[in-house]
Amino acid sequence: MDDLLREFLTETNESLDTVDVELVKFEQEPNNARILDNIFRLVHTIKGTCGFLGLPRLEALAHAAETLMGKFREGAAVTEEAVSLVLQTIDRIKGILAELEANEGEEPKGEDRDLISLLEAMSMAEAAPRKEPPKKEKKETAGTLVAQVLERELRPGEVSLDELERAFRETAVEVEIATDEPPAEEAPVGIDFARVAAEIEARMKQASPDGKEEKAKASAEDGEGEAKSEKGSVSSQSIRVNVETLEHLMTMVSELVLTRNQLLEIVRRHEDSEFKVPLQRLSNVTAELQEGVMKTRMQPIGNAWQKLPRIVRDLAQELGKQIELEMVGADTELDRQVLELIKDPLTHMVRNSADHGLERPDDRRKAGKTEKGTIRLAAYHEGGHIIIEIADDGRGLSLERIRQKIIENGLATEAELEKMSEGQIYKHIFAPGFSTAAKVTSVSGRGVGMDVVRTNIETIGGTVDLKSVQGKGTTFTIKIPLTLAIVSTLIVESCGDRFAIPQLSVVELVRVQNNSEHRIERIKDTPVLRLRNKLLPLVPLAGLLKVEMSAEKSEDEGFIVVMQVGNVTFGLVVDGVFHTEEIVVKPMSKMLRHITMFSGNTILGDGSVIMIVDPNGVASAIGTAVATDTLDSHADADAARGIDNDAKISMLLFRAGSPEPKAVPLSLVTRLEEFEIEKIEHSNGRDLVQYRGSLMPLVYPNYDVRRREEGTQPMLVFSDSGRSMGLVVDEIVDIVEESLNIQVGSDVPGVLGSAVIKGKATEILDIGHYLPLAFEDWFKRKEISSAALTRKLLFIDDSAFFRNMLGPVMKAAGFDVTICASATEAMRLLGEGAAFDVIVSDIEMPVVNGFEFAEMLRRDARFRETPIIALSALCTPASIERGRQSGFDEYVAKFDRPGLIAALKEISAADYGIAA
Amino acid sequence: MTATSHTPGAAANDSLSGQIQYVTVFIGGQLFGLPIHKVHDVFVPESMTRVPLSAPEVAGVLNLRGRIVTAINMRRRLGLPQREGNHGIMAVGIEYRGESYGLIIDEVGEVLNLDAAGREANPANLDPRWAEISGGVHRLSGQLMVILDVERVLGRMQGDMAA
């Protein structure tokens, strides 16, 4: 294949990619003359050069497409079909080009009559409204610039190499040339004079519109003018270099870096070496050279995005959705090797977002969104990384469905799931099992090939993370290194072996000693480190690698490499830390590639081989057991979310009837009292005491509670709007702050279950059970006492404890309580048409939090008037205000049971008042 | 012709003379032969780096003239006890599927020219671990030489890893 043709292929392919993008843009703003001109000129140039190179098939196609676009220029309506047709033609041209390349310059046999006739038909159809004679339409290369026609008249048939070269050059986007200096369109070998004549005729007819257009274009270009000319000058200063040449250069520089490192290592050993100064110089030069070569490999990420507008457009049409693709930071540069590797994952993810993430227009309207969905691509630098975000404002991932799928696929047990954070559950969509079954796509929303996406990204040392809010959309964040070739690593030692840890994942180093401020503490056998008010899970590198630890080394002395992978932070315990070194990653032997702890190996300056620790592998090995979401910006919400497991609750410990301790949340207890036995009176078969001017009934948790004969009787007093109940106990033991985790449920009325408190199995009492024992109508008094008024209440809380705790309380208050474990479950219920008089919702919930839930409800006319009460462990003025804005009627602290009851009563009363 | 000779060069060699050249090595007192065209070089492994979590047969990785070589402990591969005492070790360098390996052996012997026809199949009662990597046996005067089938020595290990 000769050079000319090769150049032509490269240039044309680039032009066609541009045309793709421009056409999609053009479809959206059909009145933008600048875009149209751009497309027109590109196609025109292709046509011209094809003619010159003797590629009739291509020329014919390009000509037909050009004709159609000429119609657009004349003002014909830009229809979707027309644009589709042109795009189709461009695909065909691309196909022919590919074959051309494969066949060493031979144009493949074949007919394009189908497309051409379609194009021509379309051109005529477009022309019809303008009432121009169809015969002429066919002939003319309508819309060709005036100037071109003139030039053709001036120099008919003259085709010099110069011009051809110019034709090539002009393919680079340079608008001025199109107008001032027409491209060498005269390329066709034989001049068709009839056509020229027709064109002149056409020009005469169009003289005025054309003139206008020129002006319009000129003004349109004014704004862009500077940028364009700048671009032009840059392109004239650049040359094309074969990628292989660059790759080779890169390899050589890598080797140079290695050799420099070796030299540095040698000099390090000799204190006073005369090599020191020249070596320093060499080192600097090498660094600069390395940087320079790196730069040659840098390409704007926009290159990887180029095909996306077209893909999204086609998908949108196919799926019947309206999709807007926003691209921010397309000029962010990264290594072309990396670029190549992320191209496919990116395309896949955008496709996914369009396909599964975004809803259909009518669904969007129902959800109160604009019909047009948005996919936003953003790229920016952060440290030595490139961050790419792919966000859609679609329906988001369904946590419930993913949970189900995880259990179905046996990826985790329900118990394990309970302990996982939202993020960790979402991450399962990257698990291989999620991609196989076809139904997963429809069920979980996403999934096909996400494991492939992750694998691709991880092979280049990147990470992919996602955030999803149901109903609001999903954001994927890809973090990839700028380059793969050379990595800066920290060299550490563990049990006599050295390992390299990529510095990108290293956050900080902490030295631990038994007597220093930082020391390793243990919870059971799990080592942890207190680091700035956070507990950092620790893993000894030796343990992770299953290397035998030498006995004499103290386990509690050494260094901790604090690492962050995705949103997991942990500390890797090593024996020693040496220096940092720039290394050239070499792939591991296939025999070692199964070891996920290592990402590769390399030769150090001293000539020895060292294994490179793979932070991703380490993080996944540590697993979910120690994973902490330190990065989560919703720190407050997180703290509260874990109430099931971690949050400390003040518990009142007491004994009643048996030696085993019992407990109630302290916040539920109004006060602790001791009454003299004489004060306890019996009336109507119950024990009562006179308490603050009224009679307080006493309730015994069980029959074994000792009724004292003398002295005083301790009891817990629960009060609510003037009424009080005394729960008689044997002994009040203690008040403790413990995280409450009910491990064993209970069927015994009055007992929620058992939990470990202060190392002892403790019964947690259900106060809700006892309240009605004291007053049968404990909450059903006054305005809400009427049986007819049994109101339906929806209670949403992700914490089993509060569901068990408050559910009965509200039941006791006279509500018909339906309990949901998540907002999504509740929404499903509401969606099915269930009606409720009051909704009580927790705020800190995974997936959809209370605020979002309330906002969603308020948008729906059916629920606009339904009272919603927020329950939150977090009662700051800010959160209360946020609650009010979200549409909550009341905001009650979780442990403020009386407050909740009061709020419920108030709302009910108000409603009742209205109803009456 | 042996089952191991698949490379064109080897085939040509065999057809000309009917003879195969073997590099002989000793592992645990047993004589083994490697077809010479499989052997890249023979070297003394230095400063080997252990690879934690690797298969027990993998002795480590080392730098051989700028290339990273994976060293295989042949004694372990053959289920033999580790060598006692302080001996210098030797390795036979092999290229396999574009990667460099070093088979660690006890000693290198001479190069033998053997008649391809003299090869016999593995005895049926051979230790399965040996049979797995043996390409047959040659009867020499005074001793037997087991043909080491490099493809199987390394291929099986790579296969195991993939599984």
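**Entry 1: the parallel sheet of chain A**

I began with strand 31 (residues 791–796) and strand 32 of chain A, which pair in the parallel sense over six bridges; two strands are taken to pair if DSSP finds at least two bridges between them. Helices (H or I, at least four residues) and strands (E, at least two) are DSSP runs, numbered from the N terminus. I looked up one bridge and found that A:Leu793 has A:Val817 as its partner in strand 32 of chain A.

Before going on I noted that this is a predicted model, in which local features need pLDDT of at least 70 and side-chain atom pairs count only at pLDDT 80 or more, while totals for chains, interfaces and linings use all residues. Residues are numbered from 1 along each chain as its sequence is written, and chains are lettered from A and ligands numbered from 1 in the order in which they are written.

I then followed the sheet outwards: five strands of chain A form an open sheet in the order 32-31-33-34-35, with parallel pairing. Strand 32 (815–820) and strand 35 (890–893) of chain A stand at the edges with a single partner strand each, so one side of each is left without a neighbour in the sheet. The twist from one strand to the next averages 20°; axes are lines fitted to C-alpha atoms, for helices over the stretch in contact, and angles run from 0 to 180 degrees between N-to-C directions.

Which helix lies across strand 33 (838–842) and strand 34 (868–872) of chain A? I found helix 29 (residues 850–859) of chain A there, running at about 150° to strand 33 of chain A.

**Entry 2: a hairpin and a parallel partner**

Next I looked at strand 12 (residues 526–531) and strand 13 (residues 534–540) of chain A, which pair in the antiparallel sense over four bridges. A:Arg530 stands opposite A:Leu535 in strand 13 of chain A. The two strands form a hairpin with two residues between them, and A:Arg532 in the turn has a positive phi of about 45°.

Strand 13 of chain A is also joined by three bridges to strand 15 (residues 568–574) of chain A, and these two run parallel. Here I noted A:Leu538, which stands opposite A:Gly571 in strand 15 of chain A.

**Entry 3: helix 17 of chain A**

Which residues of helix 17 (residues 399–408) of chain A are buried? I listed A:Leu399, A:Ile402, A:Arg403, A:Lys405 and A:Ile406, where buried means that 20 or more other C-beta atoms, placed from the backbone, lie within 10 Å of the residue's own (12 or fewer is exposed, and in between is partly exposed). They cover an arc of only 165° around the axis, which puts them on the same side of helix 17 of chain A; the arc is that of the directions from the helix axis to the C-beta atoms. I recalled that an α-helix has 3.6 residues a turn, so residues three or four places apart point the same way. Just after helix 17 of chain A, A:Gly410 takes a positive phi of about 65°.

**Entry 4: where the chains touch**

I counted 20 residues of chain A in contact with 19 residues of chain B, a contact being two residues whose C-beta atoms, placed from the backbone, lie within 7 Å. On the side of chain A that touches chain B, the elements giving two or more residues are strand 17 (598–603) and strand 18 (609–613) of chain A. Strand 18 of chain A gives the largest share, three residues.

**Entry 5: chain B and its confidence**

Chain B has four helices and eleven strands, and buried residues make up 35% of its 163 residues. Five of its strands form an open, mixed sheet in the order 3-6-7-5-4, with strand 3 (39–43) and strand 4 (58–64) of chain B as the edge strands, each pairing on one side only. Inside that sheet, seven bridges join strand 6 (residues 90–96) of chain B to strand 7 (residues 99–105) of chain B, and the two run antiparallel. B:Val92 has B:Leu103 as its bridge partner in strand 7 of chain B.

How confident is the prediction here, and where is confidence lowest in chain B? It is lowest in helix 1 (residues 8–17) of chain B, at a mean pLDDT of 44, and highest in strand 2 (residues 30–35) of chain B, at 92; pLDDT is the predictor's confidence in each residue, from 0 to 100. Over residues 1–15 of chain B, pLDDT stays under 50. Where pLDDT is low, the predicted coordinates should not be read in detail.
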